[in-house]
Amino acid sequence: MEPAQTEPQWTIAKVLSFAAADFGKRGLEAPRLEAELLLGHELQMSRMQLLLDANRPLKKDELARFRALIERRRSGEPSAYILGKKEFYGREFRVDRRVLIPRPETETLVDVALARTRPRSLAGRALDVGTGSGAIAVTFARERPTWQVTALDKSEDALAVARDNALRLGAVWGFRLLQSDLFSALKPAERFELIVSNPPYISREELTTLDKGILDFEPRMALDGGEDGLDFYRALVKGAPPHLTQGGVLAVEIGADQGPAVEELFKSAGFVDVELTRDYGRRDRVVSGKKPALKT
Ligand SMILES: C[S@@+](CC[C@H](N)C(=O)[O-])C[C@H]1O[C@@H](n2cnc3c(N)ncnc32)[C@H](O)[C@@H]1O
């Protein structure tokens, strides 16, 4: 058998130092971690295995493929797209350029959705508007396995990714995917105890200042919230009530500076018990409220 071709000068330790230094110079926030994740992906090794095998030389083809991954990252492509996955609420979601990469801040929206529906945790119907990768809907379905969950998106591409995640992560029973422009594909009589949404909320002005990795790679349809970033909130507070049960909850993710404006929209539309919730970074992140229950 031919001995495997190696480039002895490029060990795991050396390529990691090289890539981390390069990423550091380019201003990445966690250069060493990103280098380890990319190399681990290429070599199918955990970060711990990379450490234990630090002196193993890379084969020529491994090195070439790792260089290609570094190039993609250098061009601004987010690591999650290169790796094809992103962790959300302790589960691994598949992601690619058809969907927004789920953000850790969005876990706060799931927390609020769970907390505000706790009194009826045994049975209910939830709707996720603009599901993207399915991160919120699939997580909610797994945390509340006896609920029926509908996940809708305008993008067929996004729905294909959400379907894959739902099947892989076991959100199957009572889980429905629907292509819909906001509420348009729902039957008029359909009602939910919970409607959640992390809608596009970037204003036109902010869109021009976004990080290149977001602007060049993430779907524009997942970002653009109209001139002042509030278009979807206006549509949601208007369109949600006919599809909410009495006392049903609407909970939306917001940009950190949109709290007062979105709270006002909720109140003007007649929502009660309106709450503003902060994320782990102590920034305003979620507005939620209830459709008033009919007085008897
Ligand atoms: C900010 S992303 C959120 C994705 C995912 N829910 C998450 O939190 O990671 C917004 C999503 O809304 C979808 N979307 C945009 N306009 C829509 C519309 N008019 N009706 C339904 N979905 C829409 C986009 O395709 C995108 O998947």
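Which helix and which strand each supply at least two residues of the shell around the ligand? Keep that in mind as we walk through this predicted model.

**Stop one: the two domains.** Colour residues 6–75 as domain 1 and residues 99–290 as domain 2, following the domain assignment of the chain. The C-alpha centres of these two domains lie 36 Å apart.

**Stop two: the ligand.** Select what surrounds the ligand and you should find 22 residues, the closest being Gly130, Gly132, Lys154, Asn198 and Ala222. Now for the opening question: α7 (135–143) and β6 (148–153) each supply at least two residues of this shell. Colour the shell by class to see twelve nonpolar, seven polar and three charged residues.

**Stop three: the cores.** The largest nonpolar core holds 56 residues, and Val149, Ala251 and Val252 have the most contacts inside it. Helix α7 gives this core its largest share, six residues. Another core, of 14 residues, lies apart from it; Val15, Ala19, Leu37 and Leu69 are among its members. Next, centre on Val252: beyond its neighbours within four places in sequence, Val252 is in contact with Ser197, Pro199, Tyr233, Leu236, Val262, Val286 and Val287.

**Stop four: two backbone angles.** Most residues other than glycine have a negative phi. Select Leu182, which is not a glycine yet has a positive phi of about 45°. You will find Leu182 in the loop between β7 (175–179) and β8 (192–197). Leu182 counts as partly exposed because it has 18 C-beta neighbours inside 10 Å. Finish at Asp273, also not a glycine, where phi is positive and near 50°. Asp273 sits in strand β10 (residues 272–278), and with 13 C-beta neighbours inside 10 Å it counts as partly exposed.

Technical notes
Residues numbered from 1 in each chain as written. Predicted model: local features only at pLDDT ≥ 70, side-chain atom pairs only at ≥ 80, totals over all residues. Domains from an automatic or database assignment. Near = placed C-beta within 6 Å. Helix = DSSP H or I, 4+ residues; strand = E, 2+ residues; numbered from the N terminus. Nonpolar A, V, L, I, M, F, W, Y, C, P; charged D, E, K, R; others polar. Core = buried A, V, L, I, M, F, W, Y, C linked by C-beta atoms within 7 Å. Buried ≥ 20, exposed ≤ 12 C-beta atoms within 10 Å, placed from the backbone. Contact = placed C-beta atoms within 7 Å.
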